[in-house]
Amino acid sequence: MYGGDSKWYPKVRAMNLADPGCTWQGTDNWGFVKNARALWDKNTVGAYLCTASLPALNVHPDAKFYYPNPPAAADAGNDERRVKVLHLIRQMYACHASGLGGCAYSKANIDVLAANLVSGELAKQRAEVKNASGFFPSWHYGYNATFFDLGALPEFRFWAQLVDLFYNTPSILSVADRDYITAELGNEIDSYIAAADLTQTNSFHWAVHNGNNWTTVLNAAAMYWVVAYWHEQNTKARRVLQYILETNWLHRPFFLSDGSYIEGPSYFEVTLDGLSDMNELQKGSFNEPIHAMPWYHMSTKTTQWLLDNVASDSRFLDFGDAWAKDGFGMMYYISLSAWEEWVGTRAEGTTTFNACNIRAFFANQYFDYHFRNPYKPTGTLMRDWSSIVASCVPPAGAALAMTTYPEYQTATLRSTIPGATNLAATAGTNMKYLQADQTMLASNGVDNSLPHREVDFGAVIWSAFGNRLLFDWGYGELSSTYDFFRISGNKGRFVKTSNSDTIEFYIKKIDSSKTIDTTKLRIGLTLNYSQKDIALSPYVTNVSTSWTKVVVPLIDFGFAESSWTAVRTGGDPGAPWTTPGLEHVYFRTNGATANPGTNIGIDEIKLVDATTPANSVYWYGESHRTVTDPRARADAGTAFYLASEEVSGGANSTASWMNLFVSNSGKIFRMYYSGDPDEFILANQMDYLPVGANTLVIPGARENGDLMSNMSQFKGEKGQMAEITVGPFSGFVMDASAVYGSARADGNLEYFLRYGLGMGNGDYLLVDTFKAKAGKEDKIQEFWYTHADPNFTACSPTSYNFNVVMTQPSANTLQLVPSCNGMNRSVAAESAGRIIAAAAQPGSMVLGAPSFLTADPLFNRYLMDGGKIIRLLNRVNSWDYRRIARYEPSAAVSEDVRVFLMQSAAGVSKFTAASVTKKASCASPSATAICFTVIDGAMNVEVRTDKVDGRYQVVGIQ
């Protein structure tokens with residue numbers, strides 16, 4: 001692995017010997033320059049040897065968990081810890097074998113640790129039960145544990161290296177244990193081959209062939225296997241290597257010509273996790289780097305893109321599927337900057353860096369994560385970074401710095417106001433705190449058809465003086481439709497007691513001239529995410545026009561007994577619900593009629609508890625009313641759907657029954673147990689759509705009239721972005737016309753332009769101009785989101801939720817006041833923002849969610865504080881909270897021009913006088929011009945808009 005000890009150990013030894021005089025400075029904390037030698041020592045031998053003595057292995061911060069042997073179950077399987085211990089063991093073995101001396105621990109002591117590591121980790125692994133697909137659940141966390149997924153990398157990283165190290169050391173790794181690991185890795189690598197080999201699967205498997213970050217992560221896992229088993233299984237290893245080298249090229253187009261990475265900054269760190277592993281493994285074992293990546297391009301352009309994607313509050317911009325994560329967790333920025341060292345065409349330690357760029361990087365670098373896998377750091381990182389950063393002579397505070405990525409279509413405006421905050425004035429060596437004197441406005445126009453992007457053109461994020469003021473949602477749910485939320489399941493009902501339990505119901509046909517083929521009419525159950533259905537033919541052969549009772553044993557569906565006793569869990573993480581797993585009963589058809597197009601009646605669906613009949617559940621019938629899935633009729637035309645709910649003539653002389661239209665379409669008609677909103681499992685998808693972003697929203701834009709949808713913007717449509725200078729202000733213009741359907745028959749707007757302009761004093765102007773298509777006039781409005789913490793009590797260094805109070809001082813003003821400082825959560829914020837609005841058409845700011853959201857009883861479950869707060873269950877199953885406000889016109893509008901002054905200050909008391917007013921006439925009038933006076937402290941300007949090519953555009957500021 002990594003070329004063998006003769007090649008690997010000299011590099012490790014050089015890192016051990018870095019900074020022999022212990023002169024390097026640095027602090028292991030967010031926003032400080034790091035001491036690379038200190039981080040290396042801490043994560044390898046367990047202590048910085050310049051200031052502390054070498055710890056004994058049984059008190060080493062990582063190795064101690066393997067004493068006594070075996071380790072506790074909670075201690076084994078920790079990926080960070082076990083990899084660090086494995087690295088320590090290999091380093092000590094290589095040290096002793098080299099004869100160079102200076103080995104931190106004796107071989108005898110390392111032998112004991114090695115035996116403890118192997119036995120402890122194997123005991124935990126052997127105890128894990130495989131899932132129904134034949135895989136260990138802990139090896140899978142990126143999808144559904146049915147094929148090779150993201151969980152493979154940490155497992156292959158550890159187990160392949162363990163086998164590589166101890167393959168011929170039976171005193172530590174027995175032949176039986178070695179064969180066990182080999183078999184399990186083989187089982188997993190076969191699933192990689194099944195996904196990668198198109199000739200074998202005869203189909204495209206997205207996990208490897210979609211080319212996104214999954215490709216690099218899965219290929220990295222497979223590369224560990226290739227190197228570990230190159231000699232023992234050479235034919236297969238060559239085959240796997242071929243797949244890796246071929247599919248890596250699918251990832252190259254994800255780096256655009258302007259330097260951006262299309263999946264965003266969060267996923268860029270994910271893909272570099274795989275790329276870095278692959279590159280080091282391939283260089284070490286095959287003397288070649290990964291050639292598929294545009295390393296020079298990444299070094300010269302993508303590195304700058306990374307810096308620009310950190311807002312002034314030291315957190316990533318989180319447009320698309322991303323988190324507003326705490327700066328840079330890893331040090332890939334430095335490795336990319338020294339790309340020739342990374343690919344091996346230049347000696348490590350010889351690159352000259354741009355000191356100010358390194359300074360900007362460390363200002364937002366977060367702790368020591370890059371060193372927590374000691375196989376990742378290379379000699380490139382072992383520099384005296386404090387001295388390098390000290391050589392930077394930063395430019396004087398720029399009134400405005402603008403960066404745009406025209407192919408990626410994002411833009412940022414960043415202003416520095418020296419002396420604005422106390423935090424920056426007292427920052428000392430914490431470079432992150434210096435950014436408290438900055439403000440920033442960022443806008444997103446990324447193509448929504450790209451991976452991990454959202455339908456949110458024109459969305460903005462705003463930060464000022466250490467705090468984010470306007471927030472995106474982070475990482476919510478994707479949607480295949482335009483639904484801003486959907487019903488994803490039911491809490492569940494009925495715990496099966498024995499194989500004698502049954503489901504029974506009554507059926508009849510409506511038209512006597514029709515014939516029902518019950519071999520093609522099926523009944524199904526969805527139980528704990530698993531869906532199974534069976535034909536009705538064994539239980540009923542003749543469906544007549546009279547009610548016929550059908551009894552189906554539950555055992556015939558083929559669910560495992562454990563599935564029945566398991567429960568669905570979910571709901572608010574603070575108050576979860578736990579219920580039996582049966583979600584819904586459904587009927588399905590694959591050509592159920594001899595004559596296509598007929599109706600059947602269904603009534604009195606009952607789940608019968610054979611042991612305790614009183615515990616039986618009426619799913620649908622006179623004693624219990626149910627509701628149908630509102631998506632059951634989404635495929636209009638020949639779908640299987642509820643034609644009507646009749647009010648008389650039910651089975652057993654009951655009243656209501658379901659009249660279902662049945663066709664040959666193979667659709668599903670689902671029934672839930674209850675219509676109570678609390679019974680449903682919901683997925684909030686609004687983050688994916690304009691209704692979840694700080695952009696323009698059209699309330700009446702629906703998908704097929706569906707009240708749970710919003711179709712303001714269209715999937716697959718792409719807008720445009722350009723840099724502009726108007727008068728004394730510079731910024732960007734986002735042309736969202738196409739995204740809002742200007743060229744579509746079903747489109748909403750003739751045009752929509754959003755201007756973002758930096759005023760040079762830390763404040764910004766947003767100017768929106770738009771016109772609705774004929775018949776699409778509406779209360780078209782801008783949404784504004786900020787962070788909410790409904791449980792906020794006081795500022796705390798351990799609190800990761802940010803509370804921003806949103807108020808409306810006047811009809812046209814929205815005020816945003818953070819409670820705690822975003823850069824030092826122990827103290828109060830030195831930040832406040834105001835959005836002051838004026839428009840050609842009458843309107844005002846409005847706090848809270850609009851009526852088209854609040855009117856839905858299901859969506860109301862996401863609303864708090866009278867609709868002023870919306871919550872969303874994110875991708876890691878925790879709640880995000882946002883306060884919402886809107887600029888809303890007084891009546892439906894066709895065409896409008898709106899100006900928003902985004903004024904910020906280091907506290908409410910420091911706001912200067914400001915206003916935005918529509919002028920009765922322009923200083924340079926024309927028949928169509930619309931002008932506004934913007935006053936911002938000492939600044940007083942006229943913003944002039946006029947018709948150009950049929951669209952209102954900003955044509956002058958003076």
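Here is a short walk through a few backbone details and one sheet of this structure. Keep in mind that the model is predicted.

Let's start with the loop between α2 (36-44) and α3 (79-98), where you'll find proline 68. The peptide bond joining tyrosine 67 to this proline is cis, with omega at about -5°.

Now step back along the chain to the loop between α1 (5-16) and α2, which holds cysteine 22. Cysteine 22 isn't a glycine, yet its phi is positive, near 55°. What about its surroundings: is cysteine 22 buried or exposed? Neither, quite: with a relative accessible area of 34%, cysteine 22 is partly exposed.

Phenylalanine 465 is another residue other than glycine with a positive phi, near 55°. Look for phenylalanine 465 in the loop between β4 (459-464) and β5 (467-470). Its relative accessibility is 6%, and buried means under 20%, so phenylalanine 465 counts as buried.

Further along there's a sheet to look at. Strands of a sheet pair through backbone hydrogen bonds, and they can do so parallel or antiparallel. This one is an open sheet of 4 strands, paired antiparallel in the order β35-β36-β37-β38. At its edges sit β35 (914-918) and β38 (951-957), each pairing on one side only. On average, neighbouring strands here are turned by 20° against each other, ignoring direction.

Zoom in on one pair from that sheet: β37 (residues 939-948) runs antiparallel to β38, and 6 bridges link the two. To find your way between them, pick out valine 948, which stands opposite arginine 951 in β38.

How values were computed:
Residues numbered from 1 in each chain as written. Predicted model: local features only at pLDDT ≥ 70, side-chain atom pairs only at ≥ 80, totals over all residues. Heavy atoms only, no water. Buried < 20%, exposed > 50% of the residue type's maximum accessible area, 1.4 Å probe, protein only. Pairing = 2+ DSSP bridges. Axes fitted to C-alpha atoms, helices over the stretch in contact; angles between N-to-C directions.
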